[in-house]
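Welcome, and please open your viewer. We will take a short walk through one model, with a few selections along the way.

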Amino acid sequence: MDEDDFLAELRADNVRLIDYLAQEETLQELITCSLEKPEIPEDADEDTKARLKFKYPHIASEVLSAEQAKITDGLVNNTSMMMRVFDLLDSEEGIDPIQAKNFAKVVVCLLRIKNAETMEAILQRRNFMIGILRNANAAPITDIIVRILDNPETERPFSTIVEPPSPEAVQLLAESEILEGLGNLCIATIQEGSSLSDEEEERLRYERIENSSLVMVDLTRRVLQLSQAHYTMPEDLNIFSNPGTIGRIMDTALNGDLSDPIVRIGLVHVLNVFIELLTTELNFCSPSRPKNEDEQQEMNSIIRAMTASRPRSTPVGSSPLPSPKSVSSTNREQLVSTFMLERELKNRIPRLLKILQGKSYIPPLETTTGVIEQPLGSLKLKLVELFVAALKMGGEDLQGAMSDLDVPNLLLDLFFTYEWGSILHQIISSAILTALDPEEFTNTFIQKTWLRTYLVKQLMATYKKYLGKKETDEHYRNGFLGHIVLITSKVEEFLSNFDYRPNKMEYLREDVLDEFELFCEEHLAAEKERTSKQLGGERPGGPTRSVSDSGNTNEEVISEVFGMEELMDGLTGGESNDAMKIFEAYLMKSSDAPDKDSDEDDIPDEGVDTVEGNRADHLEGLPAEDDEDSDNEEYEQFYRGSWGIWRGGAID
């Protein structure tokens, strides 16, 4: 494996090399090298240590996952060898990142090209999923949970059709209750809290929570992809139908000590699960969704026997819920209703608001503009993101609850308090701009909710405060001023859609509306004009549709001078000379170039080389143009010499 072209020869289908690597003894050595920790001599030099620890395991894993038929057949057809691969999951010493990467690489490769044989071996390993969860601190290991649902390789490797997973894969995940297992793992890790004495153990706990929550999201996305193809998955693998798991994780974090970093990171990641499930684009019906369900009948029959017959929105052991609307605020139909997920969130909003309004768990932060006594922190920022997502994508019940609790005003308080919180500003500003876009957002309740806050009055007050500072020594442009201009412009644009004043007063009080209209006339118009100017002024040779002094675009000016249709007729009708003369006259008139008939610029200054003179110097040695006796050899010799000079060397 020290040969530089070893992997290249393998990928080039070197028959003798592949035959050697496919032997059982060789495969056993490759498994040892890639998945077991190497024994490094104490007196080994640094180069030897690097090769034993990094190079050899990597190359061995590349061989096992090279998708060579003889090698993969030798693995999957040997049960004892497959069990030896899976033995890594039961290692008492733990799995280091290199072992985890190599193990996942090999297993995913076998699932892709030898799915049936690999799944058979996994099912024989009764504690396979337990071993996966035990090593959840390694991201490549937990990724295998989602990759198990990859469809077996078909004859359409580049097809965009969503293929179903094997029945054995679905059965394995359903029977192992993988979602509940991931949730219990997060809960146990949060309850353990931080390890003040062991930094390595604390890092593993961080990663265990993060990986478990990400797998929940990825698994749900995979379920949604299959749902788009009319493929029904068991409810045990669908968080939308069974959101109690993430509700329990959130309760564990809320009941814990939030001054503990592990508890805070656990709450951040479970909030992220809610955000991803509420906003994922995969939960919206695609316009290209198949209309002929008969085409999917055979696919669905694979799993129907394993799926309960009750509606998805009906929890196990309860009566059917009233059918909620499955249309989001963006006027797109949801593929899977988020009603039950929103109910889990709605019941916990008051406790989450207390955290957002409470003290910061981060010590004061010193910046160039002063000391921030109460830094926002990642937890509060994630809470803002969650509330914004709920206001945008949530159902009527969830949005009504947030409006009753005055969540929009609380978000605005944070927006104007943290002047330099650019991420915070972007999240809230984007939510307001989206809500006030009639083409993208049709929920009038949320539009009125935002405009009936103190948003408009605070926008005007903040901008006027900025203008008052312009004449003082303390003047600087506030960090959120750009967002204020954008939001104010959007409010003006939104109100302009109503022709009658009573319609506008449904969103703003009359006194606020009068003040806002006056503000737009006095300040907003000038600010928009100032911000629309190009930095550095107008550039020569700009866009063809730039506006001229007369108010016409360049295209209109050109058309007035010579008429584009007339020019094209002249070019194509044999009158190109007249047409080109008109075009030339326009160009010469529009440019600041000296008159071509002027003699003043033809006289060069003393000591300045003319273009003709420089050109003559460069062309010295060339055969004269009228020299009819010059042949190709002279030109070739000249150009070869010039190329050699340019390259910095001579050409023989």
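Start by selecting Thr462 and whatever touches it. Beyond its neighbours within four places in sequence, Thr462 is in contact with Phe416, Phe480 and Ile484. Keep in mind as you look that this is a predicted model.

Now colour the helix around your selection: Thr462 sits in helix α24, which covers residues 455-469. Is Thr462 buried or exposed? Its relative accessibility is 10%, so Thr462 counts as buried, the cut-off being under 20%.

Next, zoom out to the whole protein chain. You should find 32 helices and 2 strands. The chain has 652 residues, and 41% of them count as buried. Switch on the surface if you like: the accessible surface comes to about 37200 Å², with 49% belonging to carbon and sulfur atoms. Among contacts between residues at least 6 apart in sequence, 71% join residues at least 24 apart.

For the last stop, select residues 46-64, helix α4, together with residues 97-113, helix α7. How do their axes cross? The axes of α4 and α7 come within 9 Å, at a crossing angle of roughly 10°. That angle is under 35 degrees, so α4 runs roughly parallel to α7.

Show the side chains here too. On the α4 side, look for Lys53, Phe54, Pro57, His58, Ser61, Glu62 and Leu64; they meet Ile98, Lys101, Asn102, Lys105 and Val106 of α7. Try colouring this contact of α4 with α7 by residue type: 5 of its residues are nonpolar, 3 polar and 4 charged.

Key: Residues are numbered from 1 along each chain as its sequence is written. This is a predicted model: local features need pLDDT of at least 70, side-chain atom pairs count only at pLDDT 80 or more; totals for chains, interfaces and linings use all residues. Side-chain values use heavy atoms; hydrogens and water are left out. Helices (H or I, at least four residues) and strands (E, at least two) are DSSP runs, numbered from the N terminus. Buried means under 20% relative accessible area, exposed over 50%, partly exposed in between (1.4 Å probe, protein chains only). Contact means heavy atoms within 4.5 Å. Accessible areas come from the Shrake-Rupley method with a 1.4 Å probe; for residues, only the protein chains shown count as cover. Axes are lines fitted to C-alpha atoms, for helices over the stretch in contact, and angles run from 0 to 180 degrees between N-to-C directions. Angles under 35 degrees count as roughly parallel, over 145 as roughly antiparallel, 65 to 115 as roughly perpendicular and the rest as oblique. Ala, Val, Leu, Ile, Met, Phe, Trp, Tyr, Cys and Pro count as nonpolar, Asp, Glu, Lys and Arg as charged, and the others, Gly among them, as polar.
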